[in-house]
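Please open the structure in your viewer and keep the selection panel at hand. The tour below goes from one selection to the next and says what is there.

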Amino acid sequence: MFNFFISLYAILIYLAAAYGWGRLATNRLHRDNRPGWAFTAVSGLGIWIFIGGILNAAHLAYPLALDAILGLGAGFAIYFFYQSLGKNRIATFCHDLRSRMSSGSHFKETFLSQLLPVAIILFILMFLVLTQMPASAFNFHDDFHTYMPRVVRMLQMGSLGGNPFDGLGIDSLGAQAFMQSFFLKYLSISYINAFDLISCFVLCLLLLREIWLKQKIHWIFLLASLVMFVVINPMYVNISSLYSGSLMVLGTVYSFLVFSDSMRSADYKRVFAGVLFVSLFLSSLVSLKLTFVFFAATYFAVYFGLSLFLCENKSKMFLTIGLAVLVMAFLISPWVLVSLPNYLSTLHLALNGQALPITGDRGGIFLLNVATVFSLNESFWGGYYSAYSLIALLLGVAGSVLLIQIVKSHDRMQQPRLITVSAACIAAVTSYFVNLSLFDPDTAIRYSIPIVIRVASVTLLMASQAGLSPR
């Protein structure tokens, strides 16, 4: 039990510090419509990713810098907690909850919509901490040769860069290793799963709940989305980005919902805040793992393409798109600088004709991969190909239905939210088939799972936006 309490304490401190940084940003940028604490904590993780890029580019990512980030975050969290106590928000919430529970007519609804989802998420947190901390096995290829050495080297050398024998910049820009390093500072390497498999997993569930609260839809959709998120095989094979990618995908969807609301406002500060958070999550997603770039680019293009087509003030939309591109380039630039020497050496080889040529019939391979993933065979890492492909097809259908709803709808309040979900579905399906054209079926599905399954969860959660929810 000692490991359980130490692990739980470390995770709670980590999440509290992330919340402190996120609250610092949302207090400045979302004063009128402050998001829930889960989105605030995820925003804090996005801020850490940006800071981590700066520290790595400057060769300052030492344990002392991590201590400063955690310490400041914890201090911010304590300050905002006491501020909330001073405004009696916690007391008001408890009073409202007690009033609902004491009323027989509201007890069942309150239990099913408020207490049961939270109880399920807390149970999952305890179960994961009990079973995954510390880990008893790792991938002896990827983890021992690639991912673990990066974290250890950064803590000792102050940067993930500087190793010409590392594939950094190809599979990841390094954000995943930086976020894992906070736990290695205080615990052993066997506790590295605390970031991705536990913290990010639980935050995903909590963020789904906050999206549900924002949409004010029937509680059955929340329970269904939570169950879908938990039960589908994630094909976990190494400690690279899995649920951290899913978390940033959900954060991106949530931020686009907030951005859609801000675009109807004449307040340019709200619009800038919306652009900033959209750019933060998209850049964080790409920094965690480069295979997410297909989803991020497609989501950005489809969302703003549809918005530009339907909006009345096209000049404002063009300015917004340009601003978003500039902010994303700024946020991701520190991580690009970390891998810049590797990129330059690769470019030098390519210009001198020394790069390895890409051979083979890619079209034929793609068709063969598509035939494989629609078969009834079982994947190498578990789960059936056809099950994942069916989910991808359903997302394609959902995206198409939502597009039709967007065209038919004349409700200016509803269109932006429909665009948010439709663009996510289209981007998820696009990235699924792009991965099939680049990798073998097992690898393609594994790279697509953090996106496809999470977009499926949030699409199910927001099905009412297409008129499918019971009223």
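Are helix 8 and helix 10 roughly parallel or roughly antiparallel to each other? Before answering, bear in mind that this is a predicted model, and select residues 193-215 for helix 8 together with residues 243-263 for helix 10. Their axes come within 8 Å and cross at roughly 25 degrees, and because angles under 35 degrees count as roughly parallel, helix 8 and helix 10 are roughly parallel to each other. If you look along the crossing, the handedness of helix 8 and helix 10 is left-handed.

Next, select residues 293-310, which form helix 12, and add residues 314-338, which form helix 13. Helix 12 and helix 13 pack with their axes 9 Å apart, at an angle of about 165 degrees, which makes helix 12 roughly antiparallel to helix 13, since the cut-off for that description is an angle over 145 degrees. The crossing of helix 12 and helix 13 is right-handed.

Keep helix 13 selected and add helix 14, residues 340-351, as these are the elements that give two or more residues to a nonpolar patch on the surface. To see the patch itself, pick V336, L337, L340, L344, L347 and L351, which together have about 550 Å² of accessible area. Helix 14 supplies the largest share of the nonpolar patch, with 4 residues.

Finally, centre the view on L340, which is found in helix 14. Is L340 buried, partly exposed or exposed? L340 counts as partly exposed because its relative accessibility is 32%, and that class lies between the limits of 20% and 50%.

How values were computed
Residues are numbered from 1 along each chain as its sequence is written. This is a predicted model: local features need pLDDT of at least 70, side-chain atom pairs count only at pLDDT 80 or more; totals for chains, interfaces and linings use all residues. Side-chain values use heavy atoms; hydrogens and water are left out. Patches are made of residues with over 30% relative accessible area and no salt bridge: like charges are joined within 9 Å, nonpolar side chains (Val, Leu, Ile, Met, Phe, Trp, Tyr) within 5 Å. Accessible areas come from the Shrake-Rupley method with a 1.4 Å probe; for residues, only the protein chains shown count as cover. A salt bridge is a side-chain nitrogen of Lys or Arg within 4 Å of a carboxyl oxygen of Asp or Glu. Buried means under 20% relative accessible area, exposed over 50%, partly exposed in between (1.4 Å probe, protein chains only). Axes are lines fitted to C-alpha atoms, for helices over the stretch in contact, and angles run from 0 to 180 degrees between N-to-C directions. Angles under 35 degrees count as roughly parallel, over 145 as roughly antiparallel, 65 to 115 as roughly perpendicular and the rest as oblique. A crossing is left-handed if the near helix is turned anticlockwise from the far one by less than a right angle, and right-handed if clockwise.
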